[in-house]
Amino acid sequence: MKKTIQKLRTAVLLIYLSFFTHALVVAQTMPDLGNDITICKGSSGTRTISITNKNNITEGTAPYRYSWLLLNGGEYTMLANGTVESLLNLEDYSLDISQIKSTSILRLEIIGSLNENNEISIYLFDDKEIIVQKPTVSLSSSTACENSNTFIYAQACNIDNSPYTYSYVYNDPLDNNYNTPITNTTEWMSDDTVVFFMPNYTNDVIDKEINIRVRIKDANNDIQESDILKVKVLNLGQPALQVFKYMCTDRVKLDLQLDGMVESELTFQWFRYYENGDSLILINDSVNSSLYANEAGYYQVIVSKTNNTDGTICTRASGRIKVINVGNVDPNIMAERNELYNTEDSILLSFTFPFDLFTLDLIHVQWYKNNLPIENANALTYYAKEQGNYRAVLFDICNEQTNSNPITLVQYITKTNEVLKNELFEVYPNPSKGIFTLECLNQVYLNEDVNIKIVDIYGKVISENIGKLFEKQTIDLKGKSDGIYFVNITLLKNNKESSIFKIIKTNN
């Protein structure tokens, strides 16, 4: 084909030389192929190329040979050719625009006789430029941090204002997938702007450049495809704090593991939470990867790095670390009562300070009777079956020990086994589904000032009521979880009488 076109071009050149040499050129009116046209890249179908001013053509002698030529990249392609008896009969041309890959020149050339002597003439129509447009696609930023986002703006090449749908994909360097849909997008959607959330990559994929591509489809299912957009994803690595820290004295050092990052290239902001989920408090004097904490609470550090190329600042937060002050534990124990009623009886001794699951991993308990350790008595509770003087010793992770208050139990063999009854009060029913009755058994104490305190097994005060003592009073635990609770009743006059009862709240 190329050789044929080249021969055609050579023949055309010789004809031109012949015209100029022999001065046989007859002035011709230049017909027009109409205005230049614009098509969208990826479009299909046909466009009609109309020939105007045919009536003004000075004709020679038929027949005429015509050729439709496409100039693209410096080379001609023959689209169609043939003969016609009259130039007035020359038909408009239907151009298959799927052949147009980039901006091109369309030309119509006609060769015919000027007169009966067969002198040759060429009719050159005006060239028609076919302009190919692509979708307009841009990014709000070509550099982004992990866990951040950039906006993708897509605009179709819209010649006839028809509706379009969009498909957004990118290449994922971790699995070599070059057609991964962007998160929260569908294959064909009407939004011409979407948010691209930067993926998280492993430390082996540092500052990875990924490609974004947009395809645009019209109502005829013709698809335009954008150029590749490149965005550089900056990776900070994962700064890590240890799972927990504890203060045996007045402070503890927290060290951030930088995971290959260079400390001199980073800035640090340390924060403290008094409780998990509370608002963070900035520690103003924290400027490097270490911090001396002197308060209990939750700690977290945010690491920042500035990109030297465009000034993009990337940040990443470490996990939270809990700091506890094990040196300030004040262990107290309480007994549900102080009297053993018979040889089969037992009394529950319990710690009353608020341990949580975290601190339980850091302590060791040893129960003592009459200053001698009780074998295998290392839990937070102990059932005492003999009279005597009991206490507990708490050993923390720093190997420091703290003694609890002592509890003295007395055994009365003659008493009946009424676990929730003594000379002053009775609590019933027990267990209960939530409503207990506290009854005063000694009329002498009626209308005296009394403090009634409800405490759970961990020592947390559920309710406390100070007022006059009535013959019967209600204890309401309906809204509380099932479990063991203690009722601590104290007569406030000289604080001379008190009773402790264990009650069990259940829904069974």
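Strands β9 and β11 pair in the antiparallel sense over four bridges; here two strands are said to pair if DSSP finds at least two bridges between them. Strands (E, at least two residues) and helices (H or I, at least four) are DSSP runs, numbered from the N terminus. The structure is a predicted model, in which local features need pLDDT of at least 70 and side-chain atom pairs count only at pLDDT 80 or more, whereas totals for chains, interfaces and linings use all residues. Residues are numbered from 1 along each chain as its sequence is written, and side-chain values use heavy atoms, with hydrogens and water left out.

Within the pairing of β9 with β11, Ser-138 has Tyr-153 of β11 as its bridge partner. The two strands belong to an open sheet of three strands, arranged in the order β9-β11-β14 with antiparallel pairing. Its edges are formed by β9 (136-139) and β14 (193-197), each of which pairs on one side only. On average, neighbouring strands of this sheet are turned by 20° against each other, direction ignored; for such angles, axes are lines fitted to C-alpha atoms (for helices over the stretch in contact), and values run from 0 to 180 degrees between N-to-C directions. In general, the strands of a sheet pair through backbone hydrogen bonds, either parallel or antiparallel.

Strand β12 pairs with strand β15 (residues 208-218), again in the antiparallel sense, over seven bridges. In this pairing, Val-169 stands opposite Arg-213 of β15. Strand β12 is mostly covered, as eight of its nine residues are buried. The term buried denotes a relative accessible area under 20%, exposed one over 50%, and partly exposed the range in between (1.4 Å probe, protein chains only).

A disulfide is defined as a pair of cysteine sulfur atoms within 2.5 Å, and by this rule the count comes to two disulfides. One of them joins Cys-40 to Cys-157, with an S to S distance of 2.2 Å. Cys-40 is located in strand β1 (residues 37-40) and Cys-157 in the loop between β11 (149-155) and β12 (164-172), so this disulfide ties together parts that are 117 residues apart in sequence. The link of Cys-40 and Cys-157 is left-handed, with -80° about the S-S bond. Both ends are covered: Cys-40 counts as buried at 6% relative accessibility, and Cys-157 counts as buried at 3%.

Another disulfide joins Cys-145 to Cys-314, with an S to S distance of 1.9 Å. Cys-145 belongs to strand β10 (residues 143-145) and Cys-314 to strand β24 (residues 313-317), so the pair connects parts that are 169 residues apart in sequence. The torsion about the S-S bond of Cys-145 and Cys-314 is about -85°, and the disulfide is therefore left-handed. Cys-145 is buried at 6% relative accessibility, as is Cys-314 at 4%. A further cysteine, Cys-440, is also buried, with a relative accessible area of 3%.

Cys-314 also appears among the contacts of Ser-304, a residue of strand β23 (residues 297-306). Contact means heavy atoms within 4.5 Å. When neighbours within four places in sequence are left aside, Ser-304 is in contact with Glu-265, Leu-266 and Thr-267, as well as with Ile-313, Cys-314 and Thr-315. Ser-304 counts as buried, at 13% relative accessibility.

A second region of interest is an open sheet of three strands with the order β35-β36-β39 and antiparallel pairing. Strands β35 and β39 (472-476) are its edges, each pairing on one side only. The twist in this sheet averages 20° from one strand to the next. Four bridges join β35 to β36, and Tyr-428 stands opposite Thr-437 of β36.

The loop between β35 (425-428) and β36 (435-440) contains Gly-434. At 0% relative accessibility, Gly-434 counts as buried. Apart from its neighbours within four places in sequence, Gly-434 is in contact with Ile-475, Asp-476, Leu-477, Lys-478 and Lys-505. The C-alpha atoms of Gly-434 and Asn-507 are separated by 7.9 Å, although the two residues are 73 residues apart along the chain.
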